[in-house]
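The following exercises concern aromatic rings and their surroundings. Please examine the model before reading each worked solution.

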Amino acid sequence: MESNCVQFLGNKTIFITGSPGFLAKVLVEKILRLQPNVKKIYLLLRAPDNQSAMQRLRSEVLEIDLFKVLRKDLGEENLNALVWEKITTVPGDISVENLGVKDTGLLQRMWSEIDIIINIAATTNFDERYDIGLSINTFGVLNVLNFAKKCVRGQLLLHVSTAYVCGEKSGLLLEKPLKMGETLREKRKVLDINAELELMKQKLKELEHQDCSEEEISQSMKDLGMARAKLHGWPNTYVFTKAMGEMLMGNYRENLPLVIIRPTMITSTLAEPFPGWIEGLRTIDSVIVAYGKGRLKCFLADSNSVFDLIPVDMVVNAMIATAAAHWGETEVQAIYHVGSSCQNPVTFGQLHDINARYFTKRPLVGRNGSPIRVSKVTILSTMGQFSLYMTLRYKLPLQILRLIKIIYPWSNYGDNYNDLSRKIKLAMRLVELYQPYLLFKGIFDDLNTERLRMRRKENIKELGGSFEFDPKSIDWDDYMANIHIPGLITYVLRQ
């Protein structure tokens with residue numbers, strides 16, 4: 001399968017959206033490093049013109065640490081030459097028809113040359129504005145599909161979704177497509193996606209007529225997205241708009257071969273191009289960093305709940321392997337879960353223990369140069385317990401500060417009250433957003449992905465190598481303590 005995957009990428013013209021995002025960058029680096037004979041990579045970047053797009057490619061992709069292995073192997077000059085030869089930047093936006101590509105000559109050239117379309121572009125904010133979530137995650141997907149239909153050579157559209165389009169279902173969650181108009185609430189018989197679009201537009205128009213500030217409009221759009229998501233059974237705007245995007249893609253694909261990859265919580269690289277590379281705080285990383293900095297005193301989680309983590313290089317390997325497996329198949333529609341909960345589960349309790357051991361032995365350094373001591377975290381398994389804890393520990397003292405502020409308005413206790421009040425509101429907001437995943441009871445079946453892995457094992461004699469995506473190969477203690485947490489410290493905290 002490894003040699004098949006490398007050969008598959010050779011002489012192909014690939015169109016990738018979502019650059020310079022985390023996953024897209026790892027994919028581009030992988031292709032250039034393993035198959036320099038790729039014919040061309042068209043990269044769609046949000047930019048007003050080609051010069052700006054090239055600048056983003058240079059500063060946000062090629063010059064970052066992720067490309068240091070390629071830079072070392074090829075040398076700066078040869079890497080630049082490879083990039084100039086193989087990569088064409090395309091300024092555009094998936095929320096616009098024809099993906100916002102204004103150069104008609106470039107558009108015609110892309111439609112005549114592209115073999116594979118890989119859609120990674122998305123907004124991943126849980127409480128995104130509803131108008132933005134719909135334009136990118138839902139109708140942006142439809143724009144990509146319509147673009148792909150015009151690619152005369154195109155024989156595969158690979159769309160990256162999320163495993164959590166399942167909502168808050170529990171038990172074994174199968175790799176099956178979402179039906180058009182499907183809703184997760186029994187009382188809501190149908191989900192009308194076009195009606196959701198019109199509802200959003202009407203609300204936006206009302207807010208503009210009321211002369212609302214941009215901040216008020218933004219908050220109203222966020223509230224609308226969350227309300228509509230929960231009405232239909234999804235926990236937040238992100239997974240709701242991603243689910244609707246899948247529905248549109250499946251319903252309107254006609255005979256276009258379609259593969260949907262549903263990764264779980266994506267983490268740092270396990271092995272390629274080197275272990276531990278990550279960009280920004282992702283999923284559980286905010287908890288890890290808060291604990292390491294001594295700021296995490298209590299947390300909402302079920303110690304026995306499985307946290308479905310998967311390294312980003314495994315996701316990329318699975319994407320390339322599925323594309324190679326389905327290339328040229330007619331009318332295929334396949335779903336692949338890429339995660340670890342079914343084959344190699346790790347619980348929140350295990351992750352917390354690894355975290356505690358790590359920062360006890362290797363504490364972070366505070367601003368004063370002293371090591372930060374970590375203490376035991378109070379883990380609460382229900383939202384009711386967490387709310388009670390917050391009330392007794394923080395909200396009651398906050399009310400005392402509020403009383404002091406009223407009695408002594410000139411004192412600086414008022415500043416303390418405002419600051420603490422803001423922090424408590426933010427903490428409660430974040431916990432409410434993450435609650436569905438902290439207490440998640442689902443296990444993602446990956447039968448399709450496992451079949452692909454078995455085909456791989458039959459085709460090569462040795463396990464491991466450049467296209468490994470078997471989560472059973474992950475030692476969670478070793479990965480978290482020796483790869484992921486050090487990666488966070490090096491590439492995110494910059495310590």
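**Exercise 1: Charges over rings**

In this predicted model, the charged end of lysine 30 lies over the ring of phenylalanine 467, at 4.4 Å from the ring centre. Identify the ring over which the charged end of lysine 68 sits.

Solution. The ring belongs to phenylalanine 274, and the charged end of lysine 68 is 4.3 Å from its centre.

**Exercise 2: A pair between helix H1 and a loop**

Classify the geometry of the aromatic pair formed by phenylalanine 8 and tryptophan 327, and state which parts of the chain the pair ties together.

Solution. Step 1: the centres are 5.9 Å apart, and the planes meet at 65 degrees. Step 2: planes over 60 degrees apart count as edge-to-face, so this class applies to the pair. Step 3: phenylalanine 8 belongs to helix H1, whereas tryptophan 327 is in the loop between helix H12 and strand S11, so the pair connects parts 319 residues apart in sequence. Step 4: phenylalanine 8 is buried, at 7% relative accessibility, while tryptophan 327 is partly exposed, at 24%.

**Exercise 3: A pair between two helices**

Determine whether the rings of tyrosine 130 and phenylalanine 240 are stacked or edge-to-face.

Solution. Step 1: the ring centres are 6.3 Å apart, and the planes are at 10 degrees, so the pair is stacked. Step 2: tyrosine 130 is in helix H7 and phenylalanine 240 in helix H10, 110 residues apart. Step 3: tyrosine 130 is buried, at 0% relative accessibility; phenylalanine 240 is also buried, at 0%.

Notes. Residues are numbered from 1 along each chain as its sequence is written. This is a predicted model: local features need pLDDT of at least 70, side-chain atom pairs count only at pLDDT 80 or more; totals for chains, interfaces and linings use all residues. Side-chain values use heavy atoms; hydrogens and water are left out. Rings of Phe, Tyr and Trp (its six-membered ring) pair if their centres lie within 6.5 Å; planes under 30 degrees apart count as stacked, over 60 as edge-to-face and the rest as tilted. Helices (H or I, at least four residues) and strands (E, at least two) are DSSP runs, numbered from the N terminus. Buried means under 20% relative accessible area, exposed over 50%, partly exposed in between (1.4 Å probe, protein chains only). A charge sits over a ring if NZ of Lys or CZ of Arg is within 6 Å of the ring centre and within 35 degrees of the ring normal.
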